[in-house]
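Q: Hello! Could you give me a close look at the empty space inside this model? In particular, which residues line the largest cavity?

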Amino acid sequence: MEICLINPEASLYRNPSKHLPKPLFPPLGLMTVAALTPEKHNVTIIDESAGSVDFSIHPDLIGLTAMTAGAPRAYQIADRFSAQGVPTVMGGMHASALPQEALQHVDAVVVGEAEELWPQVLADFEQGQLQPVYRHEYYPDATTIPPARRDVVDINKYIAKYTLQATRGCPFACSFCTVSNFFGRTYRTRPVENVVAEAAALRGKPLILVDDNIMGCPGYAEMLFERLADLKTTFLTQASTTMLKRPELITKAAKAGCRALFVGMESIFPEQLAKIGKKFNVVDKYKELVQRLHDNGIAVIGSFMFGLDGDDPDVFERTAEFAEAAQIDIGQFSILTPLPGTKFYEQMHRERRLFERDWSKYGGSHVTFRPQGMSIEKLEAGFEWIYQHFYSWHSIVKRTARRLEPIVWLINGIYHKRVHNWAVEIQH
Ligand code: SF4
């Protein structure tokens with residue numbers, strides 16, 4: 001069969017594609033689905049962030065994935081192919097949270113992770129017995145996660161070309177986050193051998209480990225870092241603030257090549273963190289954490305959200321002041337968004353505070369519910385302000401002037417320019 005997998009365009013966060021020369025990542029989820037597809041079938045991937053959908057094609061089957069912000073476009077694409085008689089299947093976070101909604105546009109929905117289910121979908125489809133919903137009774141064993149197929153996308157169209165995943169799941173249950181609902185509340189770890197073999201095949205290229213908390217399983221992280229160190233690679237990944245309890249792991253991550261860490265700080269107010277179920281973030285320790293990461297040569301990408309219950313209009317200025325004082329290298333700011341499948345969505349629904357039903361606005365840069373401590377307009381304006389402020393030259397220099405090396409690693413990754421030597425000279 002000819003199978004075409006499509007990642008629809010979605011406006012996530014503050015549309016970084018407007019400011020960056022290329023889209024950030026290739027669609028790892030679809031590249032994994034491609035790897036799960038039996039070899040007898042021919043698979044292609046269309047990623048709308050890097051190209052457009054050709055509606056004149058007529059594959060045997062279309063497979064779609066989408067986060068909530070991409071769902072309306074996924075439905076449009078599905079409707080057009082359905083009208084041309086091409087059967088469609090949809091998976092991903094949004095369809096898994098709202099399968100009945102997705103079924104109004106597609107022939108079948110895959111709820112949850114694709115391992116085990118996707119080969120079943122294809123087998124049923126070949127037999128003419130496609131079921132409307134596929135879901136597993138348990139979370140798939142992480143040993144079944146195959147290396148992604150990188151031959152089915154043009155990797156050069158992306159900034160961070162080499163994404164891979166070592167673990168899935170998260171034991172925490174932050175009310176706004178889809179991860180523990182979708183991937184479960186335990187860490188499932190791929191065998192270190194498998195991850196290292198996949199990374200080794202990329203021959204020292206800078207990697208993005210897309211794990212939600214790479215240090216969540218300290219014993220596993222330690223083994224992984226030790227093996228990655230042998231590859232002489234560099235990487236960016238994510239970890240929770242709780243890593244500060246394991247300073248030796250931070251050092252091992254740095255030795256393994258970690259040059260930047262995405263850290264979900266979310267808020268600088270403990271009361272707000274408690275309301276979103278993220279009490280384990282200790283605000284008093286944020287600066288110490290950033291300092292420790294910097295001491296290890298790791299740049300910090302700090303993520304903060306606005307519009308939490310308890311946030312009032314001065315939250316933007318206070319967060320910016322804090323992030324500058326802490327010398328956070330890159331800030332990812334977003335408006336709290338009630339994503340279907342989360343406790344926060346249920347809460348907003350229960351409290352009748354949801355007013356936006358256009359899913360394309362659920363990408364973290366629009367207000368979709370009535371905030372408690374400020375008007376919708378103030379929340380939108382404050383969100384714009386903090387981006388303008390934080391990315392002014394004045395703020396950038398203030399935060400990063402004394403530690404150019406990790407920043408240069410990021411710039412090299414984004415623009416593929418070798419600015420390393422002159423930057424290091426300036427630093428000294
Ligand atoms: S925000 Fe991070 S720590 Fe919280 S549930 Fe999601 S992945 Fe886990």
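A: Happy to! The largest cavity is lined by Leu28, Thr32, Ile145, Pro146, Ala148, Leu164, Gln165, Arg190 and Glu198. This is a predicted model, where local features need pLDDT of at least 70 and side-chain atom pairs count only at pLDDT 80 or more, while totals for chains, interfaces and linings use all residues. Residues are numbered from 1 along each chain as its sequence is written, and side-chain values use heavy atoms, with hydrogens and water left out.

On a 1 Å grid over the protein atoms alone, a cavity is a set of points where a 1.4 Å probe fits but cannot get out, and lining residues have an atom within 4 Å of a point. The whole structure holds 1 cavity of 30 Å³ or more. The largest cavity encloses about 50 Å³ of space, a volume being the space filled by probe spheres set on grid points joined across faces, edges and corners. Its lining splits into 5 nonpolar, 2 polar and 2 charged residues (nonpolar: Ala, Val, Leu, Ile, Met, Phe, Trp, Tyr, Cys and Pro; charged: Asp, Glu, Lys and Arg; polar: the others, Gly among them).

For a companion to the cavity, take the second largest pocket, with a volume of about 230 Å³. Of its 13 lining residues, Ser96, Val111, Gly112, Asn181 and Phe182 are the closest to the centre. A pocket is an open set of points with protein on both sides within 12 Å along at least five of seven lines. By class, this pocket's lining has 6 nonpolar, 6 polar and 1 charged residues.

Where do these pocket residues come from? Helix H3 (93-97) and helix H6 (179-183) each supply at least two of them, and H3 gives the largest share, with 3 residues. Helices here are DSSP runs of H or I with at least four residues, numbered from the N terminus. On the domain level, domain 1 (2-135) and domain 2 (160-427) each contribute at least three residues to the lining of the second largest pocket, with bounds taken from an automatic or database domain assignment.

As for cysteines, Cys170 is buried at 14% relative accessible area, and Cys174 is buried too, at 11% (buried means under 20% with a 1.4 Å probe, protein chains only). A search of the whole structure finds 0 disulfides, that is, pairs of cysteine sulfur atoms within 2.5 Å.

Terms used
Buried means under 20% relative accessible area, exposed over 50%, partly exposed in between (1.4 Å probe, protein chains only). Helices (H or I, at least four residues) and strands (E, at least two) are DSSP runs, numbered from the N terminus.
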